[in-house]
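The report that follows reads one protein chain element by element, beginning with a single loop residue and moving on to ion pairs, strands and cores. Please keep the sequence and the coordinates at hand while reading.

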Amino acid sequence: MTSPGTNAKTLAVTNRWLGVALCFGVVLHQGCGGPAQPCVASAECPAGLFCTNGVCTTERPAGTGGGAGTGGSGARAGAGGSAGQAGTGGAAGSGGVGGFPGESCQSAVLLSPPVQSRIDSTQGFANTYDGGTGCVAMAGVDRVYRVAVPSAQQLTARVVGNVQDAGFDPSINLVVGPAAQCDAAPLVCSASSDTGSAGTVNLVRHANVSGVTQDVFLIVDALNATATGPFSLSVSLGPAPAQLQPGASCSSPASLTIDRTVLGTTATLANGFVPTDVLGCEGVAAGTAAPDGVYALQVPAGATLVAELTTSWDAVLNLVESPASTCGSGGTDGGMACLAGTDGVTAGTERLSWKNGTSATKGVFLLVDGYQTTSAGSFELSTWLE
């Protein structure tokens, strides 16, 4: 049994702690023994308190939503903004444009010639570009590369599909930069190629005669809208096309290095050949006496020579094996035998190819001729090996 003195002592202690608790509760909102401390920002409040509704308190202010996320790469959704304190998360950012490497000209994969080759695939990419002026076979998904071409240099790019994957036959289209040119409507391709099957090499060239370095974009695409697959892409730089006038005959030809483009004219030459459609040659019209010219080349063993002749007139292109006597003379074919010949268009680009199936290098002549007597003039001749 406790004494009255003990009860009084216990009550005093209890009242003292109750006061402390009540004061602490007041402090949480307005401070003990006085009104709440006014504030504008939490930095003005004592440690552990926040400025909420104009006074210092332990209550945290309601958070605001996080900011919009930044655009994602390659038309992918941007990430949402981070949630504010006690608030809601920000809205998703709008999709970025072509940020994924190789998905557009803006994010094109940089290639670094003088010579570079790589094996890539279009699998997982989108159909960013689907056609335009001078463009071919762009219905499929595409992958984009960029090459910085110095002034007075020519870019040559080749793409070929995997012969084991016949379902994917790649095309190649070339666009001269800057990257914004790829957004033009319509898209303008300076060169394009989609020849043959998956195992056929498609080639484009661009000569930079602008006086400054140019960004050139290579778009690997396909005619088939659903096909994707592996491909091999190679790029090289060389001198821009230069004037190299053909020789007047197979006995005095102009020597031509393979894998370059030259400019010439037949207008200043005489008629030396009148090939007919026999022995592998592509003939000219009967009675034609068009001027013609000759280039000499060396084709390595096992290699395939490809030649393209571009004109604004009706040209004929024939390939003859050396020696010079094989070409005939005296204004007639003289029994001329040709390894290959072409006369597929009345104006534009003629193309022929021939494989040296022997184990030794072969000397050959390219004969630039005209289908009619009046068929003559300037031309561009490109050669390369496959």
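Where is the place of Asp 259? Asp 259 sits in the loop between S15 and S16, and it is a useful starting point for this model, which is predicted.

## Overall composition

The protein chain contains one helix and 23 strands. Of its 386 residues, 41% are buried, and the chain exposes about 18,200 Å², of which carbon and sulfur atoms supply 57%. When contacts between residues at least 6 apart in sequence are considered, 70% of them join residues at least 24 apart.

## Asp 259 and its partner

Asp 259 has a positive phi of about 75 degrees, although this residue is not a glycine. With a relative accessible area of 38%, Asp 259 is partly exposed, because the buried class requires a value under 20% and the exposed class a value over 50%.

The side chain of Asp 259 meets that of Arg 158 in a salt bridge, with an N to O distance of 2.9 Å. This pair links distant parts of the chain, since Arg 158 belongs to strand S7 (residues 153-161) while Asp 259 is in the loop between strand S15 (254-255) and strand S16 (260-265), 101 residues apart. Unlike its partly exposed partner, Arg 158 is buried, at 14% relative accessibility.

## Other salt bridges

The structure holds seven salt bridges. One of them joins Arg 351 to Glu 308, whose closest N and O atoms are 2.9 Å apart; here Arg 351 lies in strand S21 (residues 348-355) and Glu 308 in strand S18 (residues 304-311), so that distant parts of the chain, 43 residues apart, are linked. Arg 351 counts as partly exposed at 29% relative accessibility, whereas Glu 308 counts as buried at 19%.

In another salt bridge, Lys 362 is paired with Glu 321, again with the closest N and O atoms 2.9 Å apart. Because Lys 362 lies in strand S22 (residues 362-370) and Glu 321 in strand S19 (residues 315-321), this pair ties together parts that are 41 residues apart in sequence. Lys 362, at 24% relative accessibility, is partly exposed, and Glu 321, at 26%, is partly exposed as well. Elsewhere, Arg 118, Asp 120 and Arg 143 are joined into one network by salt bridges that share partners.

## Strand S19 and the nonpolar cores

Six of the seven residues of S19 are buried, so this strand is largely enclosed by the rest of the structure. S19 pairs with S22 in the antiparallel sense over seven bridges, and three bridges join S19 to strand S20 (residues 340-342), also in an antiparallel arrangement. Within these pairings, Leu 319 stands opposite Leu 366 in S22 and opposite Ala 340 in S20.

Which residues of the largest nonpolar core touch the most other members? They are Tyr 295, Leu 297, Leu 319, Leu 366 and Leu 381, in a core of 23 residues. Strand S17 (293-299), S18, S19, S21, S22 and strand S23 (378-385) each supply at least two residues of this core. Leaving aside neighbours within four places in sequence, the contacts of Leu 319 include Leu 305, Leu 352, Trp 354, Val 364 and Phe 365. Apart from this core lies another, of 22 residues, among them Leu 111, Ile 172, Ala 191 and Val 220.

## A buried histidine

His 206 is found in strand S11 (residues 202-207) and is buried, with a relative accessible area of 12%. The side chain of His 206 makes a polar contact of 2.7 Å with the side chain of Gln 214. Not counting residues up to four places away in sequence, His 206 also touches residues including Gln 153, Leu 155, Leu 174, Val 176 and Val 216.

## Backbone features in loops

Two cis peptide bonds precede prolines in this model: one runs from Gly 177 to Pro 178, with omega near 15 degrees, and the other joins Ala 185 and Pro 186, with omega about 0 degrees. Pro 178 lies in the loop between strand S8 (170-176) and strand S9 (187-188), and Pro 186 is likewise placed in the loop between S8 and S9.

Leu 279, a residue other than glycine, has a positive phi near 55 degrees. Its place is in the loop between S16 and S17, and Leu 279 counts as exposed at 53% relative accessibility.

Conventions
Residues numbered from 1 in each chain as written. Predicted model: local features only at pLDDT ≥ 70, side-chain atom pairs only at ≥ 80, totals over all residues. Heavy atoms only, no water. Helix = DSSP H or I, 4+ residues; strand = E, 2+ residues; numbered from the N terminus. Buried < 20%, exposed > 50% of the residue type's maximum accessible area, 1.4 Å probe, protein only. Polar contact = N/O pair within 3.5 Å; in protein donor to acceptor, adjacent residues only side chain to side chain. Contact = heavy atoms within 4.5 Å. Salt bridge = Lys/Arg side-chain N within 4 Å of Asp/Glu carboxyl O. Pairing = 2+ DSSP bridges. Core = buried A, V, L, I, M, F, W, Y, C linked by side-chain atoms within 4.5 Å. Areas by Shrake-Rupley, 256 points an atom, 1.4 Å probe, with all protein chains shown as cover.
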